[in-house]
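Trainee: Before we discuss this entry, I should like to understand the reasons behind each term that is applied to it. May I put my questions one by one?

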Amino acid sequence: MINEKDLLLYFIMGSDNTKRNPSQVLQEAIDGGVTIFQYREKGLHVKKGEDKIQLGKQLRKICQEKGVPFIVNDDIDLAIQLGADGVHLGQGDEPIKEAREKLPNNFPIGISVSTIEEAVLAEQQGASYLGVGPIFETATKPGKKPIGIQTIRDITEKVNIPIVAIGGVKKSNAMQIKKAGAAGISVITAISQAGDAEQAARELREQLDKVQ
Ligand code: TZP
Ligand code: MG
């Protein structure tokens, strides 16, 4: 089970998102207040095969020790192999129905959406939570048009499952996202590229904790 509180500060990282040791970055991020982690091995210099599995095992272990849910992006087989707490799928990935056939009953599935229509459909198809974005422009997903804060309000009005906002989220805009009705924020750059991941996570948490 992934509950709404778990989604408050959702950190996403793969080996391509940091020049540092990803395990070190993840430990710091959790110490700073990250509440859920997604292993997303995407980009130019990604690990494949056994290397991808090995890094996943390390990151999974850190989450387990620190009591933070561990989610795997895209790769259902890897999620099962690592004993993940959930899997996250995009619009271009395997449909929820097919994913559910491979996964244990009630296994948490997060879905990326950019529109109200996609959000409503994903809920109908059995998504556990939604990643909504990109809210703002972001170098992590170049060329994708930002959907803006209003879309968070529109989607939270139409669906009952929790949503996390993603894309260009940082300290200066975290509060307005929570105020718009999102259960939380999801970040790659704001934590993985910070010199001090613990401090970066703590500052984001401070902003979020101001909004009730
Ligand atoms: N999906 C929508 S935007 C995005 C993803 C995976 C990237 C978010 O990265 P950042 O660096 O926090 O803007
Ligand atoms: Mg995907």
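Trainee: How do you know whether the radius of gyration of the chain agrees with that of a compact globule?

Mentor: The model is a predicted one. With 212 residues, a compact globule would have a radius of gyration near 17 Å; the value for the chain is 16 Å, and therefore the two agree. Along the principal axes, the C-alpha atoms fill a box of roughly 40 × 40 × 35 Å.

Trainee: What makes up the chain in terms of helices and strands, and how many of each are there?

Mentor: The chain holds 9 helices and 8 strands. Buried residues account for 45% of its 212 residues. Of the contacts between residues at least 6 apart in sequence, 62% join residues at least 24 apart.

Trainee: Why is Asp74 called buried, exposed or partly exposed?

Mentor: The count for Asp74 is 17 other C-beta atoms within 10 Å. A buried residue needs 20 or more, and an exposed one has 12 or fewer; Asp74 is therefore partly exposed. Its place is the loop between strand S3 (70-73) and helix H3 (76-81).

Trainee: Why is Asn106 placed in its exposure class?

Mentor: Asn106 has 10 other C-beta atoms within 10 Å. The limit for an exposed residue is 12 or fewer, so Asn106 is exposed. Asn106 lies in the loop between helix H4 (96-102) and strand S5 (109-113).

Trainee: What makes the phi angles of Asp74 and Asn106 worth noting?

Mentor: Asp74 has a positive phi of about 70° and is not a glycine. Asn106, also not a glycine, has a positive phi of about 60°. Most residues other than glycine have a negative phi.

Trainee: Which residues does the UniProt annotation "binding site" cover, and how do you know whether they gather at one spot?

Mentor: According to the unreviewed UniProt entry, the annotation covers Asp74 and Asp93. They span 20 residues in sequence, yet no two of their C-alpha atoms are more than 6.7 Å apart, so they gather at one spot. Leaving aside residues up to four places away in sequence, Asp74 touches Leu89 and Asp93. Asp93 sits in the loop between strand S4 (86-89) and H4, and is partly exposed, with 17 other C-beta atoms within 10 Å.

Trainee: What makes the peptide bond between Gly133 and Pro134 notable?

Mentor: The bond joining Gly133 and Pro134 is cis, with omega about -5°. Most peptide bonds are trans. Pro134 belongs to the loop between strand S6 (129-132) and helix H6 (149-158).

Terms used: Residues numbered from 1 in each chain as written. Chains lettered and ligands numbered in written order. Predicted model: local features only at pLDDT ≥ 70, side-chain atom pairs only at ≥ 80, totals over all residues. Helix = DSSP H or I, 4+ residues; strand = E, 2+ residues; numbered from the N terminus. UniProt positions renumbered as here; feature names shortened; annotations may be inferred. Contact = placed C-beta atoms within 7 Å. Rg over C-alpha atoms; globule rule 2.2 N^0.38 Å.
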